[in-house]
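Please go through the model shown below with me, from its confidence scores to its contacts, in the form of questions and answers.

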Amino acid sequence: MSATQQVSAPQIEASRRFRMPVEVGILLVLVGICVLFEALGWYARGQSFLVNPQRLLIIVLQVSIVGLLAVGATQVIITSGVDLSPGSVLALAAMVSATFAQESSFSRIIFPALTDMPVVVPLAMGLLVGAAAGLFNGTLIARTGIPPFIATLGMMVAARGAARAYTDGAPVSGLQPAFTWIGGGSRPVILFLVVALIFHIALRYTRYGKFTYAIGANPQAARVSGIDVGRHLIVVYTIAGLLAGLGGIVMAARNGSGQANMGTGYELDAIAAAVIGGTSLAGGVGRITGTVIGTVILGVMTSGFTFLGIDAYYQDIVKGAIIVAAVAADQYRQRRRRKA
Amino acid sequence: MTAAVTALRRPEPGPAATASADCLLEVANVRKAFPGVVALDDVSFRLRPGTVHALMGENGAGKSTLMKIIAGIYTPDAGEIRLRGKPVSLPTPLAALEAGIAMIHQELNLMPFMTVAENIWIRREPKNRFGLVDHGAMRRRTKELFAQLAIDIDPEAEVRRLTIANRQMVEIAKAVSYNSDVLIMDEPTSALTEREVDHLFAIIRTLKAAGKGIVYITHKMSELAAVADEVSVFRDGRFIGSGPAAELDRETIIRMMVGRELGQMYPKLEAEIGAPVLAVEGLGLDGVFADVSFELRAGEILGVAGLVGSGRTNVAEALFGVTPATAGAIRIKGEAVRIGSPAQAMAAGMAFLTEDRKETGLFLTLPVLENMQMAVLRDRYVKAGFVTQGAIVQACQAWRTTLRIKTPDLQEPALNLSGGNQQKVLIARWLLTKPRILILDEPTRGIDVGAKAEIYRLISALAQEGVAVLMISSELPEILGMSDRIMVMHQGRVTGILDRGEADQVSIMRLASR
């Protein structure tokens, strides 16, 4: 043993250790949950849970919008921040984009001047609303020192109010087919995965990603290393807002209408997906791949419980337990690391 | 030097010492090691009741570690602590407090939004018959306590409204309220004005008269004559000697504190000293330092000496834009520059190795690779936002080899490296940026001797290549061994700039502590 070490020591390549990807653990959890539902499925209903293409699609489809928010939440949490506003921002973006997507032939038009627009207009408006809300969050946090929890809590309440005030609470329906096409079929799933891939690459291979981790790991050291911490935080929160805006567009398109109470509670699902996927609330740690797996776990649980005919209330109890277990596992990891 | 030390008593360690019944607190053969550093090695120390025993030594000599052991904050690896002859174990600060040992912390430990009385009696509040806090009784007791110590502070005042000096008085009163027999004061006068110091000394005399023993850590020679009965000197984690304060003169104590062979530790290479690279004129930061002027030339190592709190680090932070200066001018290669952020300082060719690796240097959870590359990504190794992975990994591997950084690979989280290797990672981070001006704040703090020597060699080599080095250090031998010139600071001012030839430990200490 010691002889081989001596021989290989000068060679850098040879001394490289094999490291298990962090995601393996959480992937095993996903597999375990699937196996459990599969077994319970055969036991309770006499049929397979997983061998059903339709169900597999639905599993991801129903969480793809939460997944979009979770990609944003992951980046915010890596900077050791938090964003409570994306659920509400999603609703506001859904409402605004829907009013730009209405057909003039529809009976209850909110803003007649905005009907029959080219489809890029509602898309741009939805993204713009989201990005603006994120920019506001980021600026408040970076420039005034208000804690992220408070700043985004304010935005969460205010954006929900704005979504309601925008049409006095009326839903916005009669959307043009070119707009609703976005939410049809498996397109939300594809969109989610593409967005996840983009930010996976951004976090791992770009300067943006390196700086994001650096700020979360040690903001003072990041500053001394020449990183403009404030400006970078604004960018991160703006991206989170932009993704909430995209989520709003997809949701309005999928439902064929914009409603002010859309996305209620999604911010917590998004945070849960990130945390289950191994993102540390202490900052500096987290990966999009983990978040995607965390999102799928949320989807599998919802589908699985529905499949078994278990009431939605119980689903939430189990979901709550899983979130706490994930954070407990994270803290255990950290404590062990500190001892090492 | 030898004559001075032999003139002093050295307490006999071991069982013989237990016999001394007049001893209030006794520390015998204590040892404490931290990863990579032996902070205390076979240290013994005695405190008699009704006396003030001053501890002297350079930063890192082990005084604070010893005090923390006595106060139950650290547990010693070996050795014994005896209170009035009886061995005690002090696993926690609370255990020490209950045994009658109270520490008055350098960084104050009061709760700012609570009143003076609440702070003093916390956890022991007098209760009325309903089990609720009896504020009347609490106020009365506080007044009695203050009367006994001749302190005049309103017990109802919120602590955050008090001056630093008054907060310190509250801390002392709190310690006395525990009926502690041993009081530990760690540089209590560092934030006080002259009049406040007089008041503190009066209180110390009252405590002495009441038979308390006081351990008094200080850097100020002038305080010894005023309060100390006995003085013990530490160096490099070892007890050097002790004696009555009246018999030890200043020169002797300084020599005991710093006496050490320089030897081959500091491989200073002859470097060609070129044109001025950095010129600082009248630099100041409101209320922190003022009127700092100096010139730094290519290939030169300018050492900055001074006690902790003398403003050395603040000057470095101002130069690097961490806390921009409020007065004065900075010129780089003759051109006036405004430095308002670290990014601007880096653009001007500066690099800054900070004093505290963990607080302001490392990204502990991130891999070595990310730790190394973070500063250089500002303007190199990036194409269209993407990090050029191959090139940066190669550059980092090269530095890893050159600096002999011991790590399994570049993916290892920085927190798993030893202190010396962590420091090398940070040095690599700055060398990747190819700086012309290198500011080093305590470059070898808390690392082992071997890594120290390597870092000295590197600094010398860099200077030889024409890098201008500003090196702040609390270790005088390091300053003397490495510097071409030495700037000494005291209380936010430059008290002198010495040439290598005219500087020695005594002349520096004289400028640094008046």
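Q: What average pLDDT does chain A have in this predicted model, and over which residues of chain A is the pLDDT below 50?
A: Chain A of this predicted model averages a pLDDT of 88, and 91% of the residues score at least 70. One stretch of chain A has a pLDDT below 50, and beyond near neighbours in sequence this stretch has 7 contacts in the model. The average for chain A is thus 88, and the stretch with pLDDT below 50 is residues 1-16.

Q: How many contacts, beyond near neighbours in sequence, does the stretch of chain B with pLDDT below 50 have in the model?
A: Chain B averages a pLDDT of 85, with 92% of the residues scoring at least 70. The stretch in question covers residues 1-19 of chain B, and its number of contacts beyond near neighbours in sequence is 25.

Q: What ipTM does the predictor give the complex?
A: The predictor gives two values for the complex, of which the pTM is 0.76. The other value, the ipTM, is 0.83.

Q: How many residues of chain B are in contact with chain A, and how many of them are nonpolar?
A: On the other side of this interface, 25 residues of chain A take part. In chain B, helix H11 (342-347), helix H12 (357-361), strand S18 (386-387) and helix H14 (389-402) each supply at least two residues of the side that touches chain A. By class, that side of chain B includes 9 polar and 4 charged residues. The number of chain B residues in contact with chain A is 30, and the nonpolar ones number 17.

Q: Which residues touch the most other members of the largest nonpolar core?
A: This core holds 255 residues, and its largest share, 15 residues, comes from helix H12 (residues 229-255) of chain A. Leaving aside neighbours within four places in sequence, one of the two residues asked for is in contact with B:Ala316, B:Leu319, B:Phe320, B:Met350, B:Ala351, B:Phe352, B:Leu353 and B:Leu470; that residue is B:Ile439. The two that touch the most other members are B:Ile439 and B:Val469.

Q: Which residue in the turn between S4(B) and S5(B) has a positive phi?
A: Strand S4 (residues 78-83) of chain B is joined by 5 bridges to strand S1 (residues 25-34) of chain B, and the two run antiparallel, with B:Leu83 as the bridge partner of B:Leu25. S4(B) is also joined by 3 bridges to strand S5 (residues 86-88) of chain B, again antiparallel, and here B:Ile81 has B:Val88 as its bridge partner. S4(B) and S5(B) form a hairpin with 2 residues between them, and the turn residue with a positive phi, of about 45°, is B:Arg84.

Q: Which helix gives the most to the side of domain 2 of chain B that touches domain 3 of chain B?
A: The domain assignment places domain 2 of chain B at 262-349 + 437-514 and domain 3 at 359-434, and their C-alpha centres lie 24 Å apart. Across this boundary, 10 residues of domain 2 of chain B are in contact with 10 residues of domain 3 of chain B. On the domain 2 side, H11 and helix H16 (449-464) of chain B each supply at least two residues. The helix that gives the most, with 4 residues, is H16(B).

Q: How many of the residues of helix H10 of chain A are buried?
A: Helix H10 of chain A spans residues 207-217 and is mostly covered. Among its buried residues are A:Arg207, A:Lys210, A:Phe211 and A:Ile215. The count of buried residues in this helix is 10 of 11.

Note on methods: Residues are numbered from 1 along each chain as its sequence is written. Chains are lettered from A and ligands numbered from 1 in the order in which they are written. This is a predicted model: local features need pLDDT of at least 70, side-chain atom pairs count only at pLDDT 80 or more; totals for chains, interfaces and linings use all residues. Ala, Val, Leu, Ile, Met, Phe, Trp, Tyr, Cys and Pro count as nonpolar, Asp, Glu, Lys and Arg as charged, and the others, Gly among them, as polar. A nonpolar core is a set of buried Ala, Val, Leu, Ile, Met, Phe, Trp, Tyr and Cys residues joined through C-beta atoms within 7 Å. A residue is buried if 20 or more other C-beta atoms lie within 10 Å of its own, exposed if 12 or fewer, and partly exposed in between; C-beta atoms are placed from the backbone. pLDDT is the predictor's confidence in each residue, from 0 to 100. Two strands pair if DSSP finds at least two bridges between them. Domain bounds come from an automatic or database domain assignment.
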